[in-house]
Amino acid sequence: MSTRSRRFVSVLALGLLVGAAGLLGRRAVSAPVPGAPGEAAFRAIYPAAAPVSGAFAGVDLSKLAVPGLRLTARDVHSVDEGGISLSYSDLAGEVRAVIKIAVARDAAAAHRFVDQELHGIQAILVKAVDPALGDHVFADDAGRGDGTIVGSVANVAYAVHVMRDAASTLPRAAVVASGLRAAVVEGAPSFPTATVALPSTIPLAGAPFGLTVAPELELRLRAEGGYVAKGRVLRPFQAGPVTLVVTLTDELGRVSELRFPATAK
Amino acid sequence: MEVLVRSSVLGFGSVLALLAGCSSNAVEFSDDAGTTTDGGSDSGGGDTAVDTPPPSTTCTASVQVAPAAPLAQLGTKVATKVQLTLADTGGATGPHPLKVVLVSAAGAEVAKLLDTPNAESLTGGTLGKPSVDVVPADVAGLAPGKYTIKATLGCPKVTTAKIGEGQGDLHFARLGAVSIGVGGGDGTRVPLMYHAVGGTQYAYYPIDGDKVPATSFTDPATGEADLDSAPNTMRAFPTTPWAELDTPKTASDGSVVEDGVIYPVSLALGTKPDLTFTLGKKMAGASGPIAAGVGVSGTPLVRIVIDGQPGTDPTAPLADGTSQTIRLAASPVAAVGRYDVTVKWHFEAKAPTGWVTVAGAEQSAVLRFYGVLGNELGTTAPYMPWVGVVDLGTKAASGKTTPADVRAALVKEVYENFGLKYDRKSGASFYTSYTSGFAAARFDLGLFLKRSKGNTVNCTDCASILSTYSNMLGVKLHYAIIQGAGGKSGFSLNPIMGIGSTVFGSPFDSGGMGFSYHAVTSQDATKTINDATLAVDGDTDPKTAPQTKLLVQDLTGTNYLTRLSPGTPEYTYVDQITSVR
């Protein structure tokens, strides 16, 4: 093996290693401290529930739809960073529905997502009346879900917001949530991975990096301490740490955010 | 060899041409020289005789050469004046021929600047102080370096003639700044960043003031000069600031373009910034780039002077590629706002008598400044002011100078002009998440700027929007949470006017008159409250109609709670910071 080949392999190995470290060390949303100010009031409204056992593979995103609206924006994060947000707009371009999906590794993580969503809702939701919507689900309109439903089914969490008015022909949030629930796919969740070849030290002018991902995955590249130029070149802002962040999403809404650090010199 | 005559042309008769480079003994005579006038003849009735003194038969000519500046700008069409002082102490009358030439250091004549048989015609009929023009762009083959202007004043046809010769040095160089950096000067340069390089969300680009000029020429292509795009054609600074608010200019490969662009600079109010002018290195020669010639040994010192303010000497002699930093005499940001400022400057060269302006060495550039009160966020992307926020925020608070006025302007702007409406279904947040209980709010600012999730918001969003805009303008606002007292599940409301509404009442379609929680902003841990989510009833009885709309602008924490709720809600989180992404 040539020196050059050995160097590439070592770099590749480093990238793989770092990728694994990024997965293991990803930032988790900190659970609220039970005795923290305000948590008692929150728990008075939304009592904690024991996570259910079992898991799903994910949500078939291609089956999600809001009749009368079209998908106009999609924002993707890992579960801890907010999951997937899908915005649906009417013909005038006004966003009328937003669906959030978080395919977590387990039900506890899904509950944390639900808690996070509920902390951001000023009205008081109640337990959803339709048990088919999930095992930990809250809704407006006395639990019937006219405009808002937040809940989880095992390891899959979601939120549905439909901006209906009195004369609206838009479906109720519960109807959209039913469609989402039907798109949940049986199986165990497995999250997408990538192979990145990035030297541990890169020049200030930037360095190209190698990336191998399955073609069916949706890929988003960004960097911290620098930016990613076309041609898959990592360009640091200055000397020091720079991290390549690879976000992968598959067709079942499973998101991985992999981090590959390097040092710019 | 070109003849460059900018002075008036003589109207006399035949003239013997001066010989180029005439020797000290060469004497020229005019046909008209030495003629006399008989004033007594044909007097038409008068018989008074006038004795005319005999014309002098001696010519002792002299000429002094004094360029207006010791340095001339290569490539310019603007003339450098060369003052000549002509005299004939011998008193010879009649026209004196005059020739002025430009000679290289090697002794070669490169241009004939003036060649006239009658120097008197230049200054009203007698020898005086005419001037000749040196127009560098009109002289082919001029290169940076030292030249000599040689003038020769001949004599009329007289018995004794001594021609006069004089000379003066004139250096040539290509003077021009190719970039301007902006420093904090006597105040503060506030960080700025773009949030979506090339349109990619979460791809941040801080504008590094130490590296990225506020404006600059476009970098030359390989084999081109940085100062000139062609011989005698200086490049120009861009005239229009970069208009995109989310991304810097990017090249086809996605890399950020840092040259040839006017990038904004944010300054704390009252700052007189330091402008660092960096000189170009190369000018376009006839056969390719050549050194611009500034700072070469033996050439006059040069400096940059901003028009309208006193000149200051550079800390070190300027040379090709070096920089001079000058503090603006007045702040371009007296109040909050966006200011596109045209800065004009010129070059001066050091003469024995002091600094003198170099003709044709003027430049100007447009700089974009934001005037803010500071930065209450951070200095590391994305926790630092965003261009997209500062641009809009400074418009909303334009002309303000105090934190209170900025807060009030932003509350009004968010509440009335952002086109936002409250989520009347459930009061849900669309752009903000609390990542730990009600602590650690995380604001999807990039998505909000695009309105990716629409215009529907709740109090959490409004607190994020208001505090983020305010903090990015340097006016501190943190968020606080209001909940039912003693851990109660929610609290009741007085009639309010939610954002996007025009009437007082319930914020919800359901008619519900309670919140599970409410988020507001405060600069002092809830002693003072600002809230862009809703307007309260400002009269003496906020519980019942009629209502008087009152925006929540620096209300005391107690006053606000009284107007918000008939119950006894309390602030449970009082000083929380929102992060952005």
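Start with contacts in chain B. Among those with a separation of 6 or more, 75% join residues 24 or more positions apart. Keep in mind that this is a predicted model.

Keep chain B selected and color it by secondary structure. You will find 5 helices and 37 strands. Now turn the whole chain. Its C-alpha trace spans about 125 × 65 × 35 Å along the principal axes. Is chain B more spread out than a compact globule, or less? Its radius of gyration is 37 Å, while the globule rule gives 25 Å for 581 residues, so chain B is more spread out than a compact globule. Of those 581 residues, 50% are buried.

Next, select chain A. Its secondary structure consists of 4 helices and 18 strands. The chain has 265 residues, and 48% of them count as buried. Look at its contacts too. Of those between residues at least 6 apart in sequence, 60% join residues at least 24 apart.

Now show both chains and go to where they meet. How many residues does each chain bring to the contact? Chain A brings 43 and chain B brings 46.

Stay on the chain A side. Select these elements one by one, since each supplies at least two residues to the side that touches chain B:

- helices α2 (39-45) and α3 (107-119) of chain A
- strands β2 (70-76), β3 (84-89), β4 (95-103) and β15 (226-229) of chain A

Which element gives the most? Zoom in on α2(A), which gives 5 residues.

Finally, color this side of chain A by residue type. There are 21 nonpolar, 14 polar and 8 charged residues on the side that touches chain B.

Key: Residues numbered from 1 in each chain as written. Chains lettered and ligands numbered in written order. Predicted model: local features only at pLDDT ≥ 70, side-chain atom pairs only at ≥ 80, totals over all residues. Buried ≥ 20, exposed ≤ 12 C-beta atoms within 10 Å, placed from the backbone. Contact = placed C-beta atoms within 7 Å. Rg over C-alpha atoms; globule rule 2.2 N^0.38 Å. Nonpolar A, V, L, I, M, F, W, Y, C, P; charged D, E, K, R; others polar.
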